[in-house]
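User: I'm new to this one and would like a relaxed tour. Could you take my questions one at a time?

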Amino acid sequence: MKEIVIISGKGGTGKTSITASFAVLGDKDVVIADCDVDAADMHILLQPENAKSEDFYSGELAIIDQEICTQCGKCFDVCRFDAIDVKNGIHTVNELSCEGCGYCARVCPVDAITNIPLNVGKWHIANTRIHQPFVHAKLGIGADNSGKLVAQVKNVAKEIAEEYNRPYVLVDGSPGVGCPVVSSLSGAHFVVLVTEPTVSGLHDLKRVYELVNKFHIPAGCIINKSDLNSNKTNEIKEFLISEKIIHLADLPYDEAFTVAMTDCKTVVEFDDTKLKQILTETWNNIKELIK
Amino acid sequence: MKIAIASGKGGTGKTTLSTNLASFLAKTYKVVLTDLDVEEPNSALFLQTELIHAEDKFKMIPEWNKTNCTLCGNCQDVCNYHAVIKIVDMIMVFPELCHSCYACSELCPTNSLPMIKKKMGELKHFKTDSFDFVESRLTIGEEQAVPLIKQTLKFVDERFDNNTYKIYDSPPGTSCPVIEATKDADFVILITEPTPFGFNDVVLAIETMQELKKDFGIVINRYGLGNNDIENYCDKNNIQILAKIPNKREIAELYSKGELLWDKIPEVKSELGKIVSYLKSHV
């Protein structure tokens with residue numbers, strides 16, 4: 001079983017549309033993991049039906065029992081996250097700021113503070129409209145620990161792939177270079193970097209590749225909207241050569257992606273499109289590369 | 001006035017709106033633009049800047065000093081993040097897991113885990129010809145954006161008064177970095193695009209702002225693309241649409257080169273004007 005992670009650094013370069021296209025092309029060979037748990041969108045294209053849903057608990061939240069609390073302020077003194085609010089002498093926990101370190105509970109002289117496990121979201125196993133296993137999640141609003149939820153989604157997807165002999169796990173990652181991205185990269189066999197020929201597309205590609213490089217994972221790159229700015233496209237190609245990143249494909253600037261999305265479909269489900277041809281070749285190429 | 005520009009979905013135009021709005025406002029007002037997307041900061045790519053100040057930003061982590069350590073293991077017991085562990089006769093610290101809560105350090109009976117500085121990123125303060133610009137970038141490999149965002153906001157608050165328009169270019173998503181970037185703002189502008197992805201994610205962002213009890217409005221970018229779902233949703237839920245930036249290849253091309261739009265595309269300038277007059281009359 002091989003795990004392919006699709007990331008981009010910059011948001012909105014086409015990660016999800018491309019991942020969903022590969023999912024359709026991969027058909028019964030793939031298990032899909034939507035690891036953009038912060039703003040998951042792949043369900044829009046693959047229309048999954050949830051077969052199993054579970055709450056995800058990670059980290060803790062401090063709660064002050066006002067009946068026991070003597071308002072001594074020790075918790076306020078030790079908290080490094082400004083998570084203890086004091087109003088009219090009453091100490092309460094600011095849920096959005098609390099990072100669940102538990103320090104306040106340890107120093108409370110009257111044991112008025114307890115830490116409760118924090119529900120940070122839900123994860124689901126589902127069937128896509130073309131009958132593939134699809135694991136996805138929804139992080140609670142403002143929740144921390146997205147990296148752990150990403151790890152959970154990926155692990156469940158891998159277990160399914162192993163149990164049902166699916167050769168590929170396709171992972172749609174999140175933008176950025178922080179904890180959810182680090183989490184989606186760990187254990188991956190191949191990374192597909194999706195970029196666009198803009199100043200920010202190239203800038204973000206360089207940063208996210210620096211991260212990929214720390215994991216020593218082989219990488220390929222798709223340049224989306226490649227005809228938008230040919231100078232930038234050439235700059236990206238020079239960067240790919242200098243870093244020995246495989247140049248997988250150039251996709252034209254084409255509103256067909258949006259048209260397909262509005263129809264809740266992937267571009268590869270429309271006949272005779274140039275995009276379909278390029279993406280099919282790219283998917284076959286990726287399969288060869290990770291053999 | 002503090003105005004955060006956020007989106008839910010990435011790539012909908014946060015940086016485009018932030019840089020253009022800052023530059024447009026700076027014709028008349030004092031402005032500081034702050035790039036809080038510390039994982040992938042892009043605003044600088046669209047500005048002509050002159051660096052006036054740079055500093056490293058640090059997080060605090062414990063460092064084991066074995067001289068007086070009795071290997072009691074209290075540090076391991078108090079760390080909720082498994083960032084400090086005792087292995088045989090050693091205490092090991094995993095800096096990337098540490099949240100800098102100080103519990104292990106301050107509760108150590110022999111003071112064997114003093115807190116030391118570890119670089120997590122860089123902050124830079126620039127001048128453009130008409131406004132101030134501050135950006136921070138997270139060191140690659142560092143996983144936590146929130147502490148750096150917090151320190152960046154503090155830097156800006158200490159140097160600029162409330163008569164300055166403070167514009168925050170926020171990170172994408174709806175999790176902790178976005179909360180940190182928007183929680184002190186007087187007004188949040190959510191920018192989206194009229195596609196199913198844009199709609200799905202802006203609804204998540206709207207719910208987040210409602211949960212935070214934030215005053216907010218919507219800007220639709222690439223207007224004309226996709227469908228009308230977002231407009232219908234805003235109508236039905238009494239959510240203010242502040243502006244609509246048209247879908248034009250010319251805009252995408254200017255963006256790709258790192259150029260500002262409002263001085264070249266009249267529709268962009270007039271839409272920015274609408275945002276500013278709304279801010280002046282309502283916020």
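Analyst: Sure, here come some questions and answers about this predicted model.

User: How many helices and strands does chain B have?
Analyst: Let's start with the overall frame: the C-alpha atoms of chain B fill a box of roughly 70 × 40 × 35 Å along the principal axes. Within chain B, the secondary structure comes to 9 helices and 11 strands.

User: What percentage of the residues of chain B count as buried?
Analyst: Chain B has 283 residues. Looking at its contacts with a separation of 6 or more, 72% are between residues 24 or more positions apart. As for burial, the share of chain B residues that count as buried is 59%.

User: How much area do chain B and chain A bury between them?
Analyst: On the contact side, 57 residues of chain B are in contact with 59 residues of chain A. Carbon and sulfur atoms carry 56% of the buried area. The total that the two chains bury between them is about 4,900 Å².

User: Which three residues supply more of the area that chain B buries against chain A than any other three?
Analyst: Together this trio supplies 16% of the area that chain B buries against chain A. One of them, Glu40(B), also forms a salt bridge with Arg207(A), with the closest N and O atoms 3.6 Å apart. The three are Glu40(B), Ile140(B) and Phe197(B).

User: Which element gives the largest share of the side of chain B that touches chain A?
Analyst: The rule finds 2 salt bridges across this interface, and the count of residue pairs in polar contact is 31. Several elements of chain B each supply at least two residues to the touching side, among them helix H2 (74–78), strand S7 (132–138) and helix H6 (196–211). By class, that side has 22 nonpolar, 19 polar and 16 charged residues. The largest share, 8 residues, comes from H6(B).

User: How far apart are the end C-alpha atoms of helix H5 of chain A?
Analyst: This helix covers residues 146–163, which is 18 residues. At 1.5 Å a residue it should span 26 Å, so the expected value can be held up against the model. The two agree, with the end C-alpha atoms 26 Å apart.

User: Which residue with a positive phi follows H5(A)?
Analyst: Along the helix itself, the buried residues include Leu149(A), Val150(A), Val153(A), Val156(A), Ala157(A) and Ile160(A). Lys154(A) is also one of the buried residues there. After H5(A) comes a residue whose phi is near 55°, and that is Asn165(A).

User: Is Ile239(B) buried or exposed?
Analyst: Ile239(B) is in the loop between helix H7 (229–236) and strand S11 (241–246) of chain B. Leaving out residues up to four places away in sequence, Ile239(B) touches Ile206(B), Phe216(B), Ile218(B), Tyr233(B) and Cys234(B). Its relative accessibility is 10%, and the cut-off for buried is under 20%, so Ile239(B) counts as buried.

User: How many residues apart in sequence are Lys59(B) and Glu142(B), the pair that links distant parts of the chain?
Analyst: Their side chains meet in a salt bridge, 3.8 Å from N to O. Lys59(B) is in strand S3 (residues 50–62), while Glu142(B) is in the loop between S7 and helix H4 (146–159), so the separation in sequence is 83 residues.

User: Are Lys59(B) and Glu142(B) buried or exposed?
Analyst: Lys59(B) has a relative accessibility of 6%. Glu142(B) comes in at 7%. At those values, Lys59(B) counts as buried, and Glu142(B) counts as buried.

User: Why are Lys274(B) and Glu271(B) separated by about one helical turn?
Analyst: The side chains of Lys274(B) and Glu271(B) meet in a salt bridge, 2.8 Å from N to O. An α-helix has 3.6 residues a turn, so residues three or four places apart point the same way. Lys274(B) is partly exposed at 44%, whereas Glu271(B) counts as buried at 10%. Both are in helix H9 (residues 266–282) of chain B, and the reason for the one-turn separation is their spacing in sequence: 3 residues.

User: Is Lys291(A) buried or exposed?
Analyst: Lys291(A) and Glu288(A) meet through their side chains in a salt bridge, 3.1 Å from N to O. Glu288(A) counts as partly exposed, at 48% relative accessibility. With 77% relative accessibility, Lys291(A) counts as exposed.

User: Which residues of chain B are linked in a network of salt bridges?
Analyst: A search of the whole structure finds 32 salt bridges over all chains. The residues linked in a network are Asp56(B), Lys119(B), Glu122(B) and Lys124(B).

How values were computed: Residues are numbered from 1 along each chain as its sequence is written. Chains are lettered from A and ligands numbered from 1 in the order in which they are written. This is a predicted model: local features need pLDDT of at least 70, side-chain atom pairs count only at pLDDT 80 or more; totals for chains, interfaces and linings use all residues. Side-chain values use heavy atoms; hydrogens and water are left out. Helices (H or I, at least four residues) and strands (E, at least two) are DSSP runs, numbered from the N terminus. The expected span of a helix is 1.5 Å times one less than its number of residues. Buried means under 20% relative accessible area, exposed over 50%, partly exposed in between (1.4 Å probe, protein chains only). Contact means heavy atoms within 4.5 Å. Buried area is the accessible area (1.4 Å probe) that two parts lose on being put together, summed over both. A salt bridge is a side-chain nitrogen of Lys or Arg within 4 Å of a carboxyl oxygen of Asp or Glu. A polar contact is a pair of N or O atoms within 3.5 Å; within protein, one must be able to donate a hydrogen and the other to accept it, and residues adjacent in sequence count only if both atoms are side-chain atoms. Ala, Val, Leu, Ile, Met, Phe, Trp, Tyr, Cys and Pro count as nonpolar, Asp, Glu, Lys and Arg as charged, and the others, Gly among them, as polar.
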